[in-house]
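Got the viewer open? Here is a short tour that tells you what to select at each stop and what you will find there.

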Amino acid sequence: MMVADNMLECNAWWMQKPKAWKANGVKSQDIHARVANRMTRVVFQIVSGQRLFRHPSRLDQGYVLDKLLTFYREQKIAPAIIVRDLKHASDLMKPADAKSEAAKLQDSALRARQSRQKGPQELGNLLVGLLAQLGIAADDDVSQTST
C-alpha cells in the first residue's frame, strides 16, 4: 500500500488514473487497492522472472548497468566494488540482455574517452574502466571507501 501511495503522489501517470476512476464512482480505498494490485504484478514479474522487465508503456529502454554505475559513482563507492557488482548484475541477466547492456556501457565509456573535458577527472571514473579491462574485481571484504 505504501508503493501505491508513492505512485499516486509522485508518478504523473498514476496521478491521472484515479480521476477517471473517481468519475466512475470508485472509492478512494479501492483506488489504492487497484494501484497496489497493478504494482504487485509488475514487481512479481521483475523479481521472479530473472530477466529484465520490459513494460509496454516504456518507449525508452532503461539500462540497468548504466544506472547502477551512475548511482555508485554518485555515492562515491570504491571502483573495485563497482566492477564487482556490475559483473554480478550482468551474470544474472540473459546473454542477449547482457550484450545490449554492455553496448550501452561501451558507448558511455567511448563518450568519456572522447570528452574534451578540461581539468582533472575523478579518479574513480578513470579506474572503473581500467579495472574492468584488467578483469580485476573486488573481494567481498573490500570496504566501501570514497574514491
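**Start with confidence**

Colour the chain by pLDDT and pick out two helices: H7 (residues 123-134) has the lowest mean pLDDT among the elements of the protein, at 64, while H1 has the highest, at 88. What you are looking at is a predicted model, so keep that colouring handy. Over the whole protein the mean pLDDT is 76, and 67% of the residues reach 70 or more.

Now select residues 140-147. Here pLDDT stays under 50, though the model still has 16 contacts for this stretch beyond four places in sequence. Don't linger on those contacts: where pLDDT is low, the predicted coordinates should not be read in detail.

**The whole chain**

Zoom out and switch to a cartoon view. How many helices and strands are there in the protein? You should find 7 helices and 0 strands, so reading from the N terminus the elements go α-α-α-α-α-α-α. Of the 147 residues, 24% are buried. Take the contacts between residues at least 6 apart in sequence: 66% of them join residues at least 24 apart.

**Stop one: H1 and H2**

Select H1 (residues 2-10) and H2 (residues 12-23) together. Their axes come within 5 Å and cross at roughly 95°, which makes H1 roughly perpendicular to H2. Show the side chains where the two helices touch: Met7, Leu8, Glu9 and Cys10 on the H1 side meet Ala12, Trp14, Met15 and Pro18 on the H2 side. By type, the residues of this contact split into 7 nonpolar, no polar and 1 charged.

Stay on H1 and turn it until you look down its axis. Ala4, Met7 and Leu8 are buried. They line one face of the helix, because the buried residues fall within an arc of 95° when seen down the axis of H1. Swing round to the other side of H1 and you meet the exposed Met2, Glu9 and Cys10.

That sort of sidedness fits a general rule: an α-helix has 3.6 residues a turn, so residues three or four places apart point the same way.

**Stop two: H4**

Next, select H4 (residues 64-74) and look for its buried residues, which are Leu65, Asp66, Leu69 and Tyr72. Looking down the axis of H4, you see them within an arc of 130°, so they too line one face of the helix. Lys67 and Glu74 are exposed, on the face of H4 turned away from the buried side.

Click on Asp66, one of the residues in H4. Is Asp66 buried or exposed? Its relative accessibility is 17%, so Asp66 counts as buried. Which residues is Asp66 in contact with, leaving aside its neighbours within four places in sequence? Select Glu101, Lys104, Leu105 and Ser108 to see them.

**Last stop: Lys76**

Follow the chain onward from H4 and you come to Lys76, in the loop between H4 and H5 (79-91). Check the backbone here: phi of Lys76 is positive, near 60°, in a residue other than glycine. For context, most residues other than glycine have a negative phi. Finally, turn on the surface: Lys76 has a relative accessible area of 44%, so Lys76 is partly exposed.

Methods. Residues numbered from 1 in each chain as written. Predicted model: local features only at pLDDT ≥ 70, side-chain atom pairs only at ≥ 80, totals over all residues. Heavy atoms only, no water. Axes fitted to C-alpha atoms, helices over the stretch in contact; angles between N-to-C directions. Helix = DSSP H or I, 4+ residues; strand = E, 2+ residues; numbered from the N terminus. Parallel < 35°, antiparallel > 145°, perpendicular 65-115°, else oblique. Contact = heavy atoms within 4.5 Å. Nonpolar A, V, L, I, M, F, W, Y, C, P; charged D, E, K, R; others polar. Buried < 20%, exposed > 50% of the residue type's maximum accessible area, 1.4 Å probe, protein only. Arc of directions from axis to C-beta. pLDDT = per-residue confidence, 0-100.
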